[in-house]
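Student: Hi! I have a structure open here and I'd like to walk through it with you. Can we take it piece by piece?

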Amino acid sequence: MNNETLIQVKGLRKYFETPRGFLHAVDNVSFDIKRGETLGVVGESGCGKSTLGRLLLRLIDATKGEVFFEDKNIIKLSRKEMRSLRKDCQLIFQDPYASLDPRMSVGEIIGEPLIRNKLVSDNRELENKVMELMDTVGLSRRLYNTYPHELDGGRRQRIGVARAISVNPKFIVCDEPVSALDVSIQAQILNLLMDLQDEKKFTYMFITHDLSVVKHISDEIMVMYLGQVVEKAPSDNLFEKPMHCYTKALLSAIPSIQNRHKKKEIIRGEITSPINPSPGCRFAARCEYAVDKCFERTPLLKEYEDRHFVACHRCRELNDLSL
């Protein structure tokens, strides 16, 4: 791993046992995230985005694969070694209310990681640091002794952001942090995250199902479908020249006044079961361009243009790419 790369994932898998077999939530996923950059992860509900984020933080154990944080394979670390690494890897949750303890005040919630990691020596220093963090995320100091139920969604999510950055981590998984917020509040939280990244050089994995949101914040975007990566490219490239049929359909579904007369890519057919899936492309049953080999062999994620990776047997001919 070079010095520019903070996170490196190789062949990561997570299978959950069910009465009907193993559910392939994350299946053979590999990628890198560079320091100080944001990888956006998109896909419909159930595609494995949140499971992937939790695997990277080892909140759940992987079935197989490797996750390197700098030079450490976190899959092989002991519980004690992981505890010392937790400070460098944090999570911002999707629900800004359910993720906060209703019995704790704003000051107590933000201050808890500082106490747990022994980053303050006394109550005076704790209060000062919490106040500084509240200033950083745009929370008024007068809210120090208030409780989550007294605040709106935007302020609650700012508490979640303050809690995540309180230990000055290197890597933060943002698990749909704006999906439960109003549009105007979404923009405020996104801008806050981007400002913090510019200032403190955080590295993000930003999980969302909203492509218009992920474009605003991401350097690279990775599209997932039923546990697998189907396309990965720099943000601008993905929006200007999507290559996978699933990505094209997602992009065409974004509401736009300018493109209201543009033909929509409609996905038809039934979703393939992720339980004991057969070999082949998992999108084949819903793809109008699928041929026999799409149902017989699982396509590999290949680089078709500079840093533009696609998992599709017919990618070249469908996108008129030269050999």
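Student: Okay, what do β9 and β10 form, and how many residues sit between them?

Tutor: They form a hairpin, with two residues between the strands. One residue in the turn, Leu226, has a positive phi of about 45°. Keep in mind as we go that this is a predicted model.

Student: How many bridges join β9 to β10, and which way do they run?

Tutor: Six bridges join them, and the two strands run antiparallel. To see one pair, look at Val223: its bridge partner in β10 is Glu231.

Student: Is β10 enclosed or open to the outside?

Tutor: β10 is largely enclosed by the rest of the structure, because seven of its seven residues are buried. β10 also pairs with strand β12, residues 308-310, through two bridges, again antiparallel. There, Lys232 has Phe309 of β12 as its bridge partner.

Student: Which sheet are these strands in, and what is its order?

Tutor: They belong to an open sheet of eight strands, in the order β6-β7-β8-β3-β9-β10-β12-β11, and the pairing is mixed.

Student: Which strands stand at the edges there?

Tutor: β6 (89-92) and β11 (302-305). Each has a single partner strand, so one side of each is left without a neighbour in the sheet. Going across this sheet, neighbouring strands are turned by 20° against each other on average, if you ignore direction.

Student: You said mixed. Where do I find a parallel pair?

Tutor: Try β3 (residues 38-42) and β9 (residues 220-225), which run parallel and are joined by four bridges. In that pair, Leu39 stands opposite Glu220 of β9.

Student: What packs on this sheet?

Tutor: Helix α1 does, touching β3, β6, β7, β8 and β9, and its direction makes about 155° with that of β8. Helix α9, residues 245-252, packs on the sheet too, touching β9 and β10. The direction of α9 makes about 105° with that of β9.

Student: What comes just before α9? I clicked on His244, so where does that one lie?

Tutor: His244 lies in the loop between α8 (235-240) and α9.

Student: Buried or exposed?

Tutor: Buried: its relative accessible area is 2%, and the cut-off for buried is under 20%. Leaving out residues up to four places away in sequence, His244 touches Val230, Glu231, Phe283, Val310, Ala311 and Cys312.

Student: New topic! Which strands make up the four-strand sheet, and in what order?

Tutor: That open sheet runs β2-β1-β4-β5, with antiparallel pairing. β2 (21-34) and β5 (72-73) are the edge strands, each with a single partner, so one side of each has no neighbour in the sheet. Helix α1 (residues 49-56) packs on this sheet as well, touching β1, β2 and β4, with its direction at about 120° to that of β1.

Student: And how many bridges are there between β1 and β4?

Tutor: Five, in the antiparallel sense. For example, Val9 has Val67 of β4 as its bridge partner.

Student: Back to α1, then. Is it mostly covered or mostly exposed?

Tutor: Mostly covered, since six of its eight residues are buried. Those are Lys49, Thr51, Leu52, Gly53, Leu55 and Leu56.

Student: What about Ser50?

Tutor: Ser50 lies in α1 too, but it counts as partly exposed, at 25% relative accessibility. Beyond its neighbours within four places in sequence, Ser50 is in contact with Asp175 and Ile207.

Student: How about Val29, which strand is it in?

Tutor: Val29 is in β2, and it counts as buried at 0% relative accessibility. Its contacts, apart from neighbours within four places in sequence, include Val9, Leu52 and Met224. The C-alpha atoms of Val29 and Val230 are 9.9 Å apart, although 201 residues separate them along the chain.

Student: Last one: at what angle do α5 and α6 pack?

Tutor: At about 15°, with their axes 10 Å apart. They are therefore roughly parallel to each other, and their crossing is right-handed. Among the residues making the contact are Val161 and Ile165 of α5 and Ile189 and Leu192 of α6. The contact residues divide into seven nonpolar, three polar and one charged.

Technical notes: Residues are numbered from 1 along each chain as its sequence is written. This is a predicted model: local features need pLDDT of at least 70, side-chain atom pairs count only at pLDDT 80 or more; totals for chains, interfaces and linings use all residues. Side-chain values use heavy atoms; hydrogens and water are left out. Axes are lines fitted to C-alpha atoms, for helices over the stretch in contact, and angles run from 0 to 180 degrees between N-to-C directions. Angles under 35 degrees count as roughly parallel, over 145 as roughly antiparallel, 65 to 115 as roughly perpendicular and the rest as oblique. A crossing is left-handed if the near helix is turned anticlockwise from the far one by less than a right angle, and right-handed if clockwise. Contact means heavy atoms within 4.5 Å. Ala, Val, Leu, Ile, Met, Phe, Trp, Tyr, Cys and Pro count as nonpolar, Asp, Glu, Lys and Arg as charged, and the others, Gly among them, as polar. Two strands pair if DSSP finds at least two bridges between them. Buried means under 20% relative accessible area, exposed over 50%, partly exposed in between (1.4 Å probe, protein chains only).
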